[in-house]
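User: Please take a close look at one part of this model and describe its surroundings in a connected account. I would like the cut-offs behind each term to be stated.

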Amino acid sequence: MSDPGRIVQISVSSGGVPKRPVDAARVTPAGVEGDAHRDHAHHGGPDRAVCLYAMEAIRALAAEGHAIGPGTLGENVTVEGLDWPAIEPGARLRLGDEVLLEITRFTSPCVNIQAAFAGGDFGRVSHKRHPGWSRLYARVLRQGTIRAGDPARLVR
């Protein structure tokens, strides 16, 4: 395993964005407990159980003038200290002592996050247009509870 990063924030909502911070949450194959989705065709399900994003990317986007913070783009888990551009589908992440995720795909940005972007350019986090800047979806291989501040590790 690589040197650990950490979980900056865990975020949930009753549907939609922004998601709001919680101190801890149980993560199951159905997703992060306390989180819900309005659009089940494009969000949720076993291969999109958890959405992740990097704090480093959030800071860089904010520096570009976008109104972005943890949870703004709908991610459930904001992490820092990982080599985000190197994480691709098939990679595995350990969160805390219990949770093991497998990255399934890059997310497709949607109009629901448009308000967070200067000029409405939500394609700024499109993997096709800007590789390394996308959020990631993951399936849950091992469930458990995570807390803000827990380690986040890329499992090699």
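Analyst: The account below begins with one strand and its partners and then turns to the core, the cysteines, the cavity and some further local features.

This is a predicted model, in which local features need pLDDT of at least 70 and side-chain atom pairs count only at pLDDT 80 or more, while totals for chains, interfaces and linings use all residues. Residues are numbered from 1 along each chain as its sequence is written, and side-chain values use heavy atoms, with hydrogens and water left out.

The part chosen is strand 8, which spans residues 99-106. Helices (H or I, at least four residues) and strands (E, at least two) are DSSP runs numbered from the N terminus. Six of the eight residues of strand 8 are buried, where buried means under 20% relative accessible area, exposed means over 50%, and partly exposed lies in between (1.4 Å probe, protein chains only).

Strand 8 has antiparallel neighbours, and two strands pair if DSSP finds at least two bridges between them. Strand 7 (residues 92-95) is joined to strand 8 by four bridges, with L93 and L101 as bridge partners. These two strands form a hairpin with three residues between them, and G96 in the turn has a positive phi of about 65°. Most residues other than glycine have a negative phi. Strand 9 (residues 136-142) also runs antiparallel to strand 8, and six bridges join the two; here L100 stands opposite R142.

L101 leads from the strand into the interior. A nonpolar core is a set of buried Ala, Val, Leu, Ile, Met, Phe, Trp, Tyr and Cys residues joined through side-chain atoms within 4.5 Å. The largest such core has 38 residues, and those with the most contacts inside it are V50, L52, I87, L95 and L101. With contact defined as heavy atoms within 4.5 Å, L95 touches I7, L52, V77, V79, L101, I146, P151 and A152, not counting residues up to four places away in sequence.

A disulfide is counted as a pair of cysteine sulfur atoms within 2.5 Å, and a search of the whole structure finds zero. The sulfur of C51 is too far for a bond, because the closest cysteine sulfur, in C110, is 10 Å away. C51 counts as buried at 4% relative accessibility, whereas C110 is partly exposed at 22%.

F106 belongs to the lining of the largest cavity, together with W84, P85, I87, H127, G132, W133, S134 and L136. On a 1 Å grid over the protein atoms alone, a cavity is a set of points where a 1.4 Å probe fits but cannot get out, and lining residues have an atom within 4 Å of a point. Grid points are joined across faces, edges and corners, and a volume is the space filled by probe spheres set on the points. The count comes to one cavity of 30 Å³ or more, and the largest has a volume of about 40 Å³.

Elsewhere, an open sheet of three strands has the order 4-3-10 with antiparallel pairing. Its edge strands are strand 4 (31-32) and strand 10 (144-147), each pairing on one side only. Two bridges join strand 3 (residues 24-28) to strand 4, and V27 stands opposite V32.

Two loops complete the account. P18, in the loop between strand 1 (5-12) and strand 2 (20-22), follows a cis peptide bond from V17, with omega near 0°. G65, in the loop between helix 1 (55-63) and strand 6 (77-80), is partly exposed at 49% relative accessibility. G65 and V99 are 34 residues apart in sequence and 34 Å apart in space, C-alpha to C-alpha.

Methods: 1 Å grid on protein atoms, 1.4 Å probe; cavity = no way out; pocket = protein on both sides within 12 Å on 5 of 7 lines; lining within 4 Å.
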